[in-house]
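User: I should like a close look at a single part of this protein, namely its disulfides and the elements around them. Please explain the arrangement step by step for a first-year student.

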Amino acid sequence: RFAYNRSVDHWAISGSPAIQLATKLVDNMKAAISGDELHFMIEYSAHDTTLAPLASTLGALQEMTPVFGKMYLFELVKRGTAYFVRALAGQPQQNPSAHQYTTYYLPLSGLPINATLNETYVVSTDTGVALDDFYNYILSTKGTSPQGMCYIGDDAFDRIGCNVLDAPSKGSDCYKYRHECPNYACPTGAYLSDSTTYECTTVSYTHLTLPTKRIV
């Protein structure tokens, strides 16, 4: 479900599933270079439902089923005056009696400046990818809709029952969607009026600009 493919309409509109996290990783590296980030290491804890989308965004589709204890390590490497990104993946043996941890290099994709998507290259050794090329590759997975991962097609929007103003039943798909994507989860011309019940409402004031249901 997380396998990003830019040739699929939905992915082209929404963008890759973990572009925000992947961009944050690069932002941290750039902050370290500028001196604004003083931490030697930044650690994020996540479930497999975060790791799989991240692997998808990075083009590492072979990593789409992370096991228990999976780890991705992204290193900022300086060679002369140039900066590179090197990635390692690791995982423990999957039984209680063994604790050996195995690591290996994770292939990374790069996209040179002013290159076309057909010129994307993959580096699978410890050399790593040039930081700017790695960043350009991540940006190339951005979708055409400002909704990003909040984008769902009209059919799906209707199917989960968000095409009405009424408060959805707690725990329903529409309830979850309005919780995660409040700016896009009401019918056209309506907005979320209650962040507890997730009920939508409309107003008649013409000077207000209301969010639209679909921005593609």
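Analyst: The following account begins with the whole chain and then turns to the disulfides and their surroundings.

The model is a predicted one. The protein contains six helices and eight strands, which follow one another from the N terminus as α-α-α-β-β-β-β-β-β-α-α-α-β-β. Of its 216 residues, 38% are buried. Among contacts between residues at least 6 apart in sequence, 50% join residues at least 24 apart.

How many disulfides does the structure hold? There are three. When the bonded cysteines are numbered in sequence order, they pair as 1-4, 2-3 and 5-6. Each pair may now be taken in turn.

Cysteine 150 is bonded to cysteine 181, with an S to S distance of 2.1 Å. The torsion about this S-S bond is -85°, and the link is left-handed. Cysteine 150 belongs to the loop between α4 (131–139) and α5, while cysteine 181 belongs to the loop between α6 and β7; the pair therefore ties together parts that are 31 residues apart in sequence. Cysteine 150 is buried, because its relative accessible area of 15% falls under the 20% limit for a buried residue. Cysteine 181 is buried as well, at 8%.

The disulfide of cysteine 162 and cysteine 174 has an S to S distance of 2.0 Å. With 110° about its S-S bond, this link is right-handed. Cysteine 162 is found in the loop between α5 and α6, and cysteine 174 in helix α6 itself, so this disulfide connects parts that are 12 residues apart in sequence. Both ends are buried: the relative accessible area is 0% for cysteine 162 and 1% for cysteine 174.

In the disulfide of cysteine 186 and cysteine 200, the sulfur atoms lie 1.9 Å apart. Its torsion about the S-S bond is about -80°, and the disulfide is therefore left-handed. Because cysteine 186 sits in the loop between α6 and β7 and cysteine 200 in strand β8, the pair ties together parts that are 14 residues apart in sequence. Cysteine 186 has a relative accessibility of 4% and counts as buried; cysteine 200, at 3%, also counts as buried.

Helix α6 deserves attention next. This helix spans residues 173–180, and its buried residues are Cys174, Tyr175, Tyr177 and Arg178. Why do they lie on the same side of α6? They cover an arc of only 165° around the axis, and this places them on the same side of the helix. A general rule helps here: an α-helix has 3.6 residues a turn, so residues three or four places apart point the same way. The cover over the buried residues of α6 includes α5 (154–159), β7 (191–192) and β8 (200–201). Cys174, one of these buried residues, is also the partner of cysteine 162 in a disulfide.

Finally, the loop between β7 and β8 holds tyrosine 198. This residue has a positive phi of about 60° although it is not a glycine. At 9% relative accessibility, tyrosine 198 counts as buried. Asparagine 114 offers a contrast in exposure. It lies in the loop between β4 (108–110) and β5 (121–123) and has a positive phi near 65°. Asparagine 114 is, however, exposed, with a relative accessible area of 79%.

Definitions and conventions: Residues are numbered from 1 along each chain as its sequence is written. This is a predicted model: local features need pLDDT of at least 70, side-chain atom pairs count only at pLDDT 80 or more; totals for chains, interfaces and linings use all residues. Side-chain values use heavy atoms; hydrogens and water are left out. Helices (H or I, at least four residues) and strands (E, at least two) are DSSP runs, numbered from the N terminus. Buried means under 20% relative accessible area, exposed over 50%, partly exposed in between (1.4 Å probe, protein chains only). Contact means heavy atoms within 4.5 Å. The arc is that of the directions from the helix axis to the C-beta atoms. A disulfide is a pair of cysteine sulfur atoms within 2.5 Å.
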